[in-house]
Amino acid sequence: MHPVQHTIARDADYKGIGLHTGNLCKLIFKPAAPNSGVVFIRTDLPGRPSMKAHYSNVQGVIRGTTIGNGDARVHTIEHVLSAVYALGINNLIIEVNANEPPVADGSSQWFYDTLKEAGIVAQEAPLVILQPQERLDYKQGETEITFEPANELRITSIVMFQHPLIGRQEVSLSIQPEIYRHEIAPARTFCFDYEVEALKKQGLARGGSLDNAVVIGLDRIHNKEKKLRFPDEFARHKALDLLGDLFLLGAPLKGHITALRPGHGHNINFVKMMAERFMKTTSSSTPPERTSYVTDHS
């Protein structure tokens with residue numbers, strides 16, 4: 001039986017504050033036609049500009065992945081797209097009335113649950129799955145990302161920090177809806193307490209709080225519950241982020257990706273490398289940009 005594309009059965013919405021802007025915002029998820037991909041629409045701007053979730057539209061990678069169209073931007077899209085990817089949704093309209101989706105609790109579980117509740121429906125259109133049969137290696141600085149052939153999508157995420165509460169963490173998981181929901185979706189974004197003031201000075205993390213990020217101190221977790229959801233929550237969140245960035249490839253993937261010290265800049269560079277190596281055409285009319293995104297460390 002040949003795979004087909006999927007969208008949601010009915011509209012659904014989710015609202016909250018944006019992590020970096022602090023703006024109150026609302027997402028409305030709507031079904032979309034076959035072969036249309038995932039499209040964000042800024043309903044708060046004149047003309048309701050739209051932008052496709054595709055690597056050729058990436059405009060920034062500092063502390064999150066930003067896509068844009070002209071002057072219109074949508075920041076920090078990776079948590080939403082991670083849930084979309086895990087659920088096998090290929091076509092979706094996402095209306096957003098601010099420049100950033102809600103951060104929720106810093107994880108993707110609320111987006112996953114909202115979309116699943118809306119219902120996932122098959123569409124009468126074939127789904128092209130990218131399943132390369134050769135290895136691909138990306139290396140820049142201390143970051144290494146490797147693709148190896150496999151019959152399913154698996155992500156191995158490895159983080160290494162010279163910090164007593166983190167150290168080396170590794171997690172390797174098959175990306176299937178229920179596994180993702182229980183093992184990856186609850187993992188929250190994180191930062192160090194000394195970074196918070198610097199981020200706010202850069203105009204970032206204005207909506208950040210102990211309710212929507214894990215804040216790591218020298219010898220303690222500052223969050224109200226004073227503990228992590230998983231012993232290796234940081235590696236799991238990096239897997240969550242990486243999956244969201246992989247959505248921007250423009251086609252669902254089968255293979256095993258091992259990522260050592262991943263971050264949005266490196267993830268997007270890796271996606272572009274994969275597209276150039278394995279995809280004859282892109283799912284966007286815009287030619288691939290050759291810009292290198294490696295300044296990010298988040």
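1. Over the protein chain, pLDDT (the predictor's confidence in each residue, from 0 to 100) averages 89, and 90% of the residues score at least 70. This is a predicted model, in which local features need pLDDT of at least 70 and side-chain atom pairs count only at pLDDT 80 or more, while totals for chains, interfaces and linings use all residues. Residues are numbered from 1 along each chain as its sequence is written, and side-chain values use heavy atoms, with hydrogens and water left out.

2. One stretch to keep an eye on: residues 281-298 stay under a pLDDT of 50. For these residues the model has 49 contacts (heavy atoms within 4.5 Å) beyond four places in sequence.

3. Now the core. The largest nonpolar core (buried Ala, Val, Leu, Ile, Met, Phe, Trp, Tyr and Cys residues joined through side-chain atoms within 4.5 Å) has 73 residues, and Val38, Phe40 and Leu92 are among those with the most contacts inside it. Helix α5 (residues 233-246) gives the most to this core, with seven residues.

4. Val38 deserves a look of its own. Leaving aside residues up to four places away in sequence, Val38 touches Met51, Lys52, Ala53, Leu81, Val84, Asn90, Leu92, Ile94 and Phe247.

5. Helix α2 (residues 109-118; helices are DSSP runs of H or I, at least four residues, numbered from the N terminus) has Gln109, Phe111, Tyr112, Thr114, Leu115 and Ala118 buried, where buried means under 20% relative accessible area with a 1.4 Å probe, protein chains only. Just after α2, Gly119 takes a positive phi of about 90°.

How values were computed:
Buried means under 20% relative accessible area, exposed over 50%, partly exposed in between (1.4 Å probe, protein chains only). Helices (H or I, at least four residues) and strands (E, at least two) are DSSP runs, numbered from the N terminus.
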